[in-house]
Amino acid sequence: MPPSQPSQPPARLPARITVLSGGVGGARFLQGVLRLVERTSSDTAVTVVANTADDIWVHGLKVCPDLDTVMYTLGDGIDTERGWGRRAETWNAKEELASYGVEPTWFGLGDRDIATHLVRTQMLDAGFPLSEVTAALCRRWQPGVELLPMTDDRVETHVVIDDPASGERRAVHFQEYWIRHQAAVLAHAVVPIGLDEAKPGPGVLEAIGEADLVLVPPSNPVVSVGTILGVPGIRDALAATKAPVVGVSGIIGQDHVHGMARQLLEVIGVEVSAAGVAEHYGARAVGGLLDGWLVDTVDEAAVARVNAAGIRCRAVPLWMTDHDATADMVVAALDLVR
Ligand code: FO1
């Protein structure tokens, strides 16, 4: 492949782009996708299939971190420092709950954020599926994408850890592993409870089947992209779609950019590298996920190995420093499979 040169915005974007997204990384990537749509004044429709296995019931409220992070980020309500939750947030309810000694005290429940969880919980209790709840919440936030839960069924990722307090081995909710333990305790297994019985949410298979391009952002390959791929029917739809499938490495050098991908890739025995994740996802030509894969310029040496795995690969800057930088990554992804 020629050395990476600045990508020129393509004349026209595909009519329909579908993005499989986790939380913070996926939301930031989507800002670049929408920036490119704006920059090329295309009428491209963007659909997001979001991971819901991070979801957690907290103080009787249903919290959907990845759905909310995409919704708040693209709806301009996000706290940009944290990358999750609402800007200008206060924590009075959280402090009051802690004063009652009510657990989990480790979960960051913001006062503004609680309104979202109250609306969601009330609508779920009234019998509305998560997909309809999400559509209703998006009427306020207008994220500029169609935001689809990967499934309306309950799925929860739990992580088997050595509990630092008792030393005993036990399963904790992913959020406890990530927030309470900062993914700093030894993890032995990742268990997506309910995933095998989950059905693709409304519109998910169509979004993949009717896409002109499917993008896999630098979200966590295990607990975000991995769980989306684990919903029965979604892998088949990805194999069958006419759309090329292009992924972006969330590993730069030997570490993740954000989150806890390194720790979880080690749990499942996948090499923590841009090439390792590409090989884990597999080449579409041999039953895997990817037609194309972008690695960062520091991982230029991985390009030959990824090409050898049957996946078209290119090294471009992958630091999402601003929306235009991220938009350039999307141009590079398009160039790869045009
Ligand atoms: N992440 C944290 O590191 N600490 C928190 O207290 C926290 C609370 C929280 C509340 C609502 C929400 O939508 C997200 C929240 N997150 C928090 C982020 C969340 O754990 C991750 O963004 C995803 O689960 C992984 O992508």
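Where is the place of His59? Select His59 and look: this residue sits in the loop between strand E3 (56-58) and strand E4 (61-63). Keep in mind that this is a predicted model.

**Stop 1: confidence**

Colour the chain by pLDDT. The mean for the protein is 96, and 97% of its residues reach 70 or more. Now select residues 1-5, where the pLDDT is below 50. Beyond near neighbours in sequence, this stretch has 9 contacts in the model.

**Stop 2: unusual backbone angles**

Most residues other than glycine have a negative phi, and most peptide bonds are trans. Here are some exceptions to visit.

Go back to His59. Its phi is near 50 degrees, a positive value in a residue other than glycine. His59 is partly exposed, because its relative accessible area is 29% and the partly exposed range runs from 20% to 50%.

Next, select Ser41. Find this residue in the loop between helix H1 (24-39) and strand E2 (45-50). The phi of Ser41 is near 35 degrees, again positive in a residue other than glycine. Is Ser41 buried or exposed? Ser41 has 67% relative accessibility, so it counts as exposed; the cut-off is over 50%.

Move on to Asp76, just after helix H2. Asp76 takes a positive phi of about 65 degrees.

Then select Glu103 and Pro104 together. A cis peptide bond joins them, with omega about 5 degrees. Pro104 lies in the loop between helix H3 (92-99) and helix H4 (111-125).

**Stop 3: a covered helix**

Select H2, residues 65-74. How many of the residues of H2 are buried? The count is 10 of 10, and the helix is mostly covered. Click through some of the buried residues, including Pro65, Leu67, Val70, Tyr72 and Leu74. Asp66 and Asp68 are buried in H2 as well.

**Stop 4: a buried glycine**

Select Gly22, in the loop between strand E1 (16-21) and H1. Gly22 is buried, because its relative accessible area is 0%, and buried means under 20%. Which residues is Gly22 in contact with, leaving aside its neighbours within four places in sequence? They are Asn51, Asp66, Val70, Ser219 and Ser224. Asp66 and Val70 belong to H2, the helix from the previous stop. Now add Ala50, which is 28 residues from Gly22 along the chain. The C-alpha atoms of Gly22 and Ala50 are separated by 5.9 Å.

**Stop 5: two packed helices**

Two packed helices are described by the angle between their axes and the distance between the axes. Show H1 with helix H13 (residues 323-337). They pack at an angle of about 80 degrees, with their axes 7 Å apart. H1 is therefore roughly perpendicular to H13, as angles from 65 to 115 degrees count that way.

Zoom in on the contact. On the H1 side, pick out Phe29, Val33 and Leu36, among others. On the H13 side, the residues include Ala327, Met329, Val330 and Leu334. The residues of this contact divide into 8 nonpolar, 4 polar and 5 charged.

**Stop 6: an open sheet**

Strands of a sheet pair through backbone hydrogen bonds, either parallel or antiparallel. Select E7, E6 and E8. These 3 strands form an open sheet in the order E7-E6-E8, and the pairing is antiparallel. Which are the edge strands? They are strand E7 (169-173) and strand E8 (187-193), and each pairs on one side only. The twist averages 25 degrees from one strand to the next.

Finish on strand E6 (residues 156-162), joined to E8 by 6 bridges. Select Val159 and find its bridge partner in E8, Val190.

Definitions and conventions
Residues are numbered from 1 along each chain as its sequence is written. This is a predicted model: local features need pLDDT of at least 70, side-chain atom pairs count only at pLDDT 80 or more; totals for chains, interfaces and linings use all residues. Side-chain values use heavy atoms; hydrogens and water are left out. Helices (H or I, at least four residues) and strands (E, at least two) are DSSP runs, numbered from the N terminus. Buried means under 20% relative accessible area, exposed over 50%, partly exposed in between (1.4 Å probe, protein chains only). pLDDT is the predictor's confidence in each residue, from 0 to 100. Contact means heavy atoms within 4.5 Å. Axes are lines fitted to C-alpha atoms, for helices over the stretch in contact, and angles run from 0 to 180 degrees between N-to-C directions. Angles under 35 degrees count as roughly parallel, over 145 as roughly antiparallel, 65 to 115 as roughly perpendicular and the rest as oblique. Ala, Val, Leu, Ile, Met, Phe, Trp, Tyr, Cys and Pro count as nonpolar, Asp, Glu, Lys and Arg as charged, and the others, Gly among them, as polar. Two strands pair if DSSP finds at least two bridges between them.
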